[in-house]
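Me: I am new to this structure and would like to go through it step by step. Could you take my questions in turn and show the reasoning behind each reply?

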Amino acid sequence: QVQLVESGGGLVQAGGSLRLSCAASGRTFSSYTMGWFRQAPGKEREFVAAISWSGDSTYYADSVKGRFTISRDNAKNTGYLQMNSLKPEDTAVYYCNGDPHSPRGSKFTWGQGTQVTVSS
């Protein structure tokens, strides 16, 4: 089973940047589409971005398009989310996951996530 560990969150002012990392155990993770999701207090978890196993295709929620960039390094079994021009509404716990087919899928057990807090 793949285990996921997110890191890189923190407190940042509006307009700032953060880079999140998702370290996955298990050699099969590189064959899955990888996605980032977030959950704000009192809200349901929502899709943020995804990238195909090859890195050729990327998908973004409208709310982050043009500000966030997803990438992956299969040799390191690690995915990344570069977040620029952060807004207070981006405040949430961010999670990564993977799926063999769907960019919005989540096949694996959720990790602990990493907290992102954007102050105004």
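Reply: A salt bridge here is a side-chain nitrogen of Lys or Arg within 4 Å of a carboxyl oxygen of Asp or Glu, and a residue is called buried under 20% relative accessible area. Please keep in mind that this is a predicted model.

Me: Which side chain of opposite charge is nearest to arginine 72, and how far away is it?
Reply: Arginine 72 belongs to strand β7, which covers residues 68-73, and this arginine is buried yet has no salt bridge. A salt bridge would need the two atoms within 4 Å, whereas the nearest side chain of opposite charge is found 8.3 Å away, and that is aspartate 73.

Me: Which backbone oxygen lies 2.7 Å from a polar atom of the side chain of arginine 72?
Reply: Arginine 72 touches several residues beyond its sequence neighbours, including Phe29, Tyr32, Ile51 and Trp53. Its side chain reaches the backbone oxygen of isoleucine 51 at 3.4 Å. The backbone oxygen that lies 2.7 Å from a polar atom of this side chain is that of tyrosine 32.

Me: Which are the edge strands of the open sheet of six strands?
Reply: The order in this open sheet is β2-β10-β9-β4-β5-β6, and the pairing is mixed. An edge strand pairs on one side only, and the two that do so are β2 (10-13) and β6 (58-60).

Me: By what angle are neighbouring strands of this sheet turned against each other on average?
Reply: Strands of a sheet pair through backbone hydrogen bonds, either parallel or antiparallel. In the open sheet with the order β2-β10-β9-β4-β5-β6 the pairing is mixed. With direction ignored, the average turn between neighbouring strands of this sheet is 25°.

Me: Which residue of β5 stands opposite tryptophan 36?
Reply: Strand β4 (residues 33-39) and strand β5 (residues 46-51) run antiparallel and are joined by five bridges. Opposite tryptophan 36, the residue in β5 is alanine 49.

Me: How many bridges join β3 to strand β8?
Reply: Strand β3 (residues 18-24) is mostly covered, with five of its seven residues buried. Four bridges join β3 to strand β1 (residues 4-7), the two running antiparallel, and in that pair valine 5 stands opposite alanine 23. Strand β8 (residues 78-83) also runs antiparallel to β3, and leucine 18 has methionine 83 as its bridge partner in β8. The number of bridges that join β3 to β8 is six.

Me: What is the phi of asparagine 77, and is this residue buried or exposed?
Reply: Most residues other than glycine have a negative phi, and most peptide bonds are trans. Asparagine 77, placed in the loop between β7 and β8, has a positive phi near 55°. Because its relative accessibility is 15%, asparagine 77 counts as buried.

Me: Why does serine 85 count as partly exposed?
Reply: Serine 85 is found in the loop between β8 and β9 (92-99), and its phi is near 50°, a positive value in a residue other than glycine. Partly exposed covers the range between buried, under 20%, and exposed, over 50%. Serine 85 counts as partly exposed because its relative accessibility is 42%.

Me: Which residues is serine 120 in contact with, leaving aside its neighbours within four places in sequence?
Reply: Serine 120 sits in the segment after β10 (114-119) and is exposed, with a relative accessible area of 87%. Its C-alpha atom is separated by 9.6 Å from that of glutamate 89, a residue 31 places apart along the chain. Leaving aside the neighbours within four places, the residues in contact with serine 120 are Ala14 and Pro88.

Me: Which residues are joined into one network by salt bridges that share partners?
Reply: The structure holds four salt bridges, and one of them, between aspartate 62 and lysine 65 at 3.1 Å, has both residues exposed. Arginine 38, which is buried at 6%, forms a salt bridge with glutamate 46 at 2.7 Å and another with aspartate 90 at 2.9 Å. Arginine 38 lies in strand β4 and aspartate 90 in the loop between β8 and β9, so this pair ties together parts that are 52 residues apart in sequence. The residues joined into one network by shared partners are Arg38, Glu46, Arg67 and Asp90.

Key
Residues numbered from 1 in each chain as written. Predicted model: local features only at pLDDT ≥ 70, side-chain atom pairs only at ≥ 80, totals over all residues. Heavy atoms only, no water. Buried < 20%, exposed > 50% of the residue type's maximum accessible area, 1.4 Å probe, protein only. Lys, Arg positive; Asp, Glu negative; His and termini not counted. Polar contact = N/O pair within 3.5 Å; in protein donor to acceptor, adjacent residues only side chain to side chain. Contact = heavy atoms within 4.5 Å. Pairing = 2+ DSSP bridges. Axes fitted to C-alpha atoms, helices over the stretch in contact; angles between N-to-C directions.
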